[in-house]
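Have your viewer ready and the selection tool at hand. We will take this one stop by stop, beginning with the whole chain and then moving in to single residues.

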Amino acid sequence: MKVNDKGIYIDGIDKKILRALMADARTPVLEIARNVGISGAAIHQRLKKLEKSGLLAGSKFVINPKILGYTTMAFVGVYLDKAVSNPEAVKQLQRVPEVIECHYTTGEWSIFIKILSKDNEHLMHLLNTQIQGINGVSRTETFISLQQQINRQIKI
């Protein structure tokens, strides 16, 4: 399977390695090697090749926000006065720890953000005091997530 225009290819073994790590990034390399049928050194070499290609963007532990008390997830469309306000608005949004994603979008909004808050009152406080207070923000449109139904990566 061709991955990008640089001629990077992944084969069936690469796919097995990737699937194992996507299922559990803490899977020991030697366990993967036994399951795939190649040496641990070969797994390391393949992982280096995949990292160098840009296909792997690192690994991380995922914190469950609910354990920390963040139970309300919201998506907010942000309307800006002018397109030139975008970079400055994004800088200000980066200062709000509860903003966990920020996207430039097509359509009605200039920016679309994902916010984690402790509850609806906390969300309202964030919107009123921090998000809508950003210079250039004319208004926002908020959608509260009732329950996440799908959470996955692209299939390999």
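**Stop 1: the whole chain**

Start with everything selected and colour by burial. Of the 156 residues in this predicted model, 30% are buried. The exposed surface comes to about 11100 Å², and carbon and sulfur atoms supply 53% of that area.

Now switch to a cartoon. You should find five helices and four strands, and reading along the sequence gives the pattern α-α-α-β-α-β-β-α-β. The protein is more spread out than a compact globule, because its radius of gyration is 21 Å, well over the 15 Å that the globule rule gives for 156 residues. If you draw a box along the principal axes, the C-alpha atoms fill roughly 55 × 40 × 25 Å. A contact map is worth a glance here too: among contacts with a separation of 6 or more, 61% join residues 24 or more positions apart.

**Stop 2: helix H1 against helix H3**

Select residues 12-23 for helix H1 and residues 40-53 for helix H3. At what angle do the axes of H1 and H3 cross? The answer is roughly 85°, and the two axes come within 11 Å. With that angle, H1 is roughly perpendicular to H3.

Show side chains for the contact next. From H1, pick Ile13, Asp14, Ile17, Leu18 and Leu21; from H3, pick Ile43, Arg46, Leu47, Lys49 and Leu50. Coloured by class, this contact of H1 with H3 shows seven nonpolar, no polar and three charged residues.

**Stop 3: three residues of H1**

Stay on H1 and walk along the helix, one residue at a time. In each case, the neighbours named leave out residues up to four places away in sequence.

- Ile13 sits in helix H1 and counts as partly exposed, at 26% relative accessibility. Ile13 touches Val36, Ile38 and Arg46. For a distance label, try the C-alpha atoms of Ile13 and Gly37, which are 24 residues apart along the chain and separated by 9.0 Å.
- Leu18, also in helix H1, has a relative accessible area of 4% and is therefore buried. Its contacts are Ile10, Leu50, Leu55, Leu56 and Ile156. Then label Leu18 to Leu146: these residues lie 128 positions apart along the chain, with 32 Å between their C-alpha atoms.
- Leu21 is another residue of helix H1. Is Leu21 buried or partly exposed? At a relative accessible area of 22%, Leu21 is partly exposed. Select Thr27, Ile32 and Leu47 to see what Leu21 contacts. A label from Leu21 to Ser59 reads 9.2 Å, C-alpha to C-alpha, across 38 residues of sequence.

**Stop 4: helix H2 against helix H3**

Keep H3 on screen and add residues 29-36, helix H2. The axes of H2 and H3 come within 8 Å and cross at roughly 105°. That crossing makes H2 roughly perpendicular to H3.

Which residues meet here? On the H2 side, look for Val29, Leu30, Ile32 and Ala33; on the H3 side, Gly40, Ile43 and His44. The class colouring for this contact of H2 with H3 gives five nonpolar, two polar and no charged residues. Two of these residues have come up before: Ile43 is also part of the H1 contact with H3, and Ile32 is one of the residues that Leu21 contacts.

**Stop 5: strand E1 and helix H5**

Now move further along the chain and select residues 72-80, strand E1, where Thr72 lies. Thr72 has 8% relative accessibility, so it counts as buried. Expand the selection around Thr72, leaving aside neighbours within four places in sequence, and you get Ile115, Leu116, Ser117, Lys118, Asp119, Asn120, Leu123 and Ile144.

Pick Asn120 from that group. Asn120 belongs to helix H5, residues 120-131. Asn120 is partly exposed, with a relative accessible area of 47%. Not counting residues up to four places away in sequence, Asn120 touches Thr72 and Ile144. Ile144 is also on the contact list of Thr72, so select Thr72, Asn120 and Ile144 together as a last view. To finish, add a label from Asn120 to Ala74: the two are 46 residues apart in sequence and 9.4 Å apart in space, C-alpha to C-alpha.

Conventions:
Residues are numbered from 1 along each chain as its sequence is written. This is a predicted model: local features need pLDDT of at least 70, side-chain atom pairs count only at pLDDT 80 or more; totals for chains, interfaces and linings use all residues. Side-chain values use heavy atoms; hydrogens and water are left out. Axes are lines fitted to C-alpha atoms, for helices over the stretch in contact, and angles run from 0 to 180 degrees between N-to-C directions. Helices (H or I, at least four residues) and strands (E, at least two) are DSSP runs, numbered from the N terminus. Angles under 35 degrees count as roughly parallel, over 145 as roughly antiparallel, 65 to 115 as roughly perpendicular and the rest as oblique. Contact means heavy atoms within 4.5 Å. Ala, Val, Leu, Ile, Met, Phe, Trp, Tyr, Cys and Pro count as nonpolar, Asp, Glu, Lys and Arg as charged, and the others, Gly among them, as polar. Buried means under 20% relative accessible area, exposed over 50%, partly exposed in between (1.4 Å probe, protein chains only). The radius of gyration is taken over C-alpha atoms; the globule rule is 2.2 Å times the number of residues to the power 0.38. Accessible areas come from the Shrake-Rupley method with a 1.4 Å probe; for residues, only the protein chains shown count as cover.
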